[in-house]
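These are my notes on the model, set out as numbered points. Please read them with the coordinates open.

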Amino acid sequence: MKAVIDLLLVEDDRVFAGMVRLWLDDDDLYSYRISHVDRADLAKTMLKEHEFGAILLDLILPNGQGMELIRSIRSLAKSTALVICTQLDDVDVAVSAIRECAPEFIPKSELKCPKTLQRILRTAMARHDGASLCQRAKDSVEDLRKTLDDSKREMAKEQTEYFGS
């Protein structure tokens, strides 16, 4: 049985959105439950109301675009894999997108077959899961460090009380 991934598709080109649906239906590993919106404000509303496993985001929408769009989407979906798929075939935009926590960026012109899109989504989800796991491990280490420091202070206090100053 395939794992089910809730995907938010933020795309104003209905033909491209239809192609994405068809291509993801062909995935061997995942079954995608796709919610499609065509405007930035609708995407933000969806992100406030639902949790998604991944987001496929176009950077040029009627009411939002570019880096500001990435920032606003990322602020609402910190725990979601984000893939940028856009008509912009600009290295500067790609580098900026990667710096804004969208490590998967592909120009639409490079999407030639279903397997490419499927691989990019899988990579984004795996990378995001790995980053989340790493952050949880860092948080656990920090919690242990604080507990150890508290224990050391408590022991020092008890020794002072027992043996005197």
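Is Lys115 buried, exposed or partly exposed? Lys115 is partly exposed, because its relative accessibility is 42%. The classes are: buried under 20% relative accessible area, exposed over 50%, and partly exposed in between, with a 1.4 Å probe and protein chains only.

1. Basis. This is a predicted model, in which local features need pLDDT of at least 70, side-chain atom pairs count only at pLDDT 80 or more, and totals for chains, interfaces and linings use all residues. Residues are numbered from 1 along each chain as its sequence is written, and side-chain values use heavy atoms, with hydrogens and water left out.

2. Overall content. The protein has five helices and seven strands, in the order β-α-β-α-β-β-β-α-β-α-β-α from the N terminus. Helices (H or I, at least four residues) and strands (E, at least two) are DSSP runs, numbered from the N terminus. Of the 165 residues in the protein, 37% are buried.

3. Strand β1 and its partners. β1 and β2 run parallel and are joined by eight bridges; within this pairing, Leu8 has Ser35 of β2 as its bridge partner. β1 also pairs with strand β3 (residues 54-57), again in the parallel sense, over four bridges, and here Leu9 is matched with Leu56 of β3. Two strands are taken as paired if DSSP finds at least two bridges between them.

4. Handedness. A right-handed β-α-β unit is made by β1, α1 and β2. The crossover is called right-handed if, with the strands pointing away from the viewer, the path from the first strand over the helix to the second runs clockwise.

5. Salt bridge between β1 and β2. There are eight salt bridges in the structure, each defined as a side-chain nitrogen of Lys or Arg within 4 Å of a carboxyl oxygen of Asp or Glu. One of them joins Asp6 and Arg33, at 2.5 Å from N to O. Asp6 belongs to strand β1 (residues 3-10) and Arg33 to strand β2 (residues 30-37), so that this pair links distant parts of the chain, 27 residues apart. Asp6 is partly exposed, because its relative accessibility is 24%.

6. Lys108 and Glu11. These two side chains form a salt bridge at 2.9 Å, N to O. Lys108 sits in the loop between β7 (104-107) and α5 (114-163), and Glu11 in the loop between β1 and α1 (14-25), with the two positions 97 residues apart in sequence. Both Lys108 and Glu11 are buried.

7. Lys115 and Asp28. The closest N and O atoms of this salt bridge are 3.5 Å apart. Lys115 is in helix α5 and Asp28 in the loop between α1 and β2, so the pair ties together parts 87 residues apart in sequence. Asp28 is exposed, with a relative accessible area of 56%.

8. Network and ring contact. Glu11, Asp58 and Lys108 are joined into one network by salt bridges that share partners. Lys108 also lies over the face of Phe16, 4.6 Å from the ring centre; the criterion is NZ of Lys or CZ of Arg within 6 Å of the ring centre and within 35 degrees of the ring normal.

9. Cysteines. The structure has zero disulfides, a disulfide being a pair of cysteine sulfur atoms within 2.5 Å. Cys85 is buried at 2% relative accessibility, whereas Cys113 is partly exposed at 29%.
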